[in-house]
Amino acid sequence: MANEIHIDYQSGCSVYACVRNSAGDIWNPSSQEFENYGSDGHTAADYAIALADKGGNHYAGDFDTAINAGRYTIQIFVQNLSLPADTDALIGTGCIVWTGVAELTGEKILANKAVQNKLTGAIEYYDDDAQTVILTITPSEDETTLTRTPS
């Protein structure tokens, strides 16, 4: 998918994002793993995910599809020098619930395509493109309970 990260900020700037997991570790796009900030001498330039100026004071960028499903914090910075630096100003934060394929939102579950397999009972919820499955729930039931297990 694309353009999951958004922020409104004055056009004409260099804006970038960083992704952190629940342990507070930061995503390194080069090594494709989370690490302690500053490991192996890494700086903000090693963690930056560029956001494109879309005009009208709006920036957008892609969440890395190599990141596993989970809940992540997004930090967004405005770049002051020629490269991202540890001294850049934080201009916004947010949260993304990532399925491993796309961002999961209540709007997508309620408004987009969902298909249930009558044999297995599995319900597949689709992204905006109506092609990409972003969540599968398989209900199971016995005499007293009904359980829904996301996968």
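This report describes a predicted model of a protein chain, moving from its overall layout to the surroundings of a few residues.

**Overall layout**

The protein chain contains two helices and twelve strands, and these elements follow one another from the N terminus in the order β-β-β-β-α-β-β-β-β-α-β-β-β-β. Measured out along its principal axes, the C-alpha trace spans about 65 × 35 × 25 Å. The protein chain has 151 residues, of which 34% count as buried. Among the contacts with a separation of 6 or more, 52% are made by residues 24 or more positions apart.

**Glu35 and the residues around it**

Glu35 belongs to strand S4, which covers residues 33-35. This residue is buried but has no salt bridge, and the nearest side chain of opposite charge, that of Arg20, is 9.8 Å away. What does the side chain of Glu35 join through polar contacts? One such contact, of 3.4 Å, is with the side chain of Asn28, and another, of 2.6 Å, is with the side chain of Tyr47. When neighbours within four places in sequence are left aside, Glu35 is in contact with Asp25, Ile26, Asn28, His42 and Tyr47.

Asn28 lies in strand S3, made up of residues 26-28. Is Asn28 buried or exposed? Asn28 counts as buried because its relative accessibility is 3%, and the cut-off for buried is under 20%. In addition to the polar contact with Glu35, the side chain of Asn28 has a polar contact of 3.3 Å with the side chain of His42. Residues up to four places away in sequence not being counted, Asn28 touches Glu33, Glu35, His42, Asp46 and Tyr47.

The side-chain polar contacts described here are set out below.

| Side chains joined | Polar contact |
|---|---|
| Glu35 and Asn28 | 3.4 Å |
| Glu35 and Tyr47 | 2.6 Å |
| Asn28 and His42 | 3.3 Å |

**Aromatic rings**

The structure holds six aromatic pairs. One of them is formed by Tyr37 and Tyr47, a tilted pair with 4.9 Å from centre to centre and 45 degrees between the planes. This pair links distant parts of the chain, since Tyr37 is in the loop between S4 and helix H1 (44-47) whereas Tyr47 is in helix H1, ten residues apart. The two partners can also be described by their accessibility: Tyr37 is partly exposed, with a relative accessible area of 37%, while Tyr47, at 0% relative accessibility, counts as buried. Tyr47 is thus a residue that has both a polar contact with Glu35 and a ring pairing with Tyr37.

Elsewhere, ring pairs link Trp27, Phe34, Phe63, Tyr72 and Trp98 into a cluster. An aromatic ring also takes part in an arrangement of another kind, in which Lys113 lies over the face of Tyr126, at 4.5 Å from the ring centre.

**The loop between S3 and S4**

Ser31 is placed in the loop between S3 and S4, the strands that hold Asn28 and Glu35. With a relative accessibility of 35%, Ser31 counts as partly exposed. In sequence Ser31 and Asp46 are 15 residues apart, and in space their C-alpha atoms are 9.5 Å apart. Asp46 is also one of the residues that Asn28 touches.

Definitions and conventions: Residues are numbered from 1 along each chain as its sequence is written. This is a predicted model: local features need pLDDT of at least 70, side-chain atom pairs count only at pLDDT 80 or more; totals for chains, interfaces and linings use all residues. Side-chain values use heavy atoms; hydrogens and water are left out. Helices (H or I, at least four residues) and strands (E, at least two) are DSSP runs, numbered from the N terminus. Buried means under 20% relative accessible area, exposed over 50%, partly exposed in between (1.4 Å probe, protein chains only). Lys and Arg count as positive and Asp and Glu as negative; His and the chain ends are not counted. A salt bridge is a side-chain nitrogen of Lys or Arg within 4 Å of a carboxyl oxygen of Asp or Glu. A polar contact is a pair of N or O atoms within 3.5 Å; within protein, one must be able to donate a hydrogen and the other to accept it, and residues adjacent in sequence count only if both atoms are side-chain atoms. Contact means heavy atoms within 4.5 Å. Rings of Phe, Tyr and Trp (its six-membered ring) pair if their centres lie within 6.5 Å; planes under 30 degrees apart count as stacked, over 60 as edge-to-face and the rest as tilted. A charge sits over a ring if NZ of Lys or CZ of Arg is within 6 Å of the ring centre and within 35 degrees of the ring normal.
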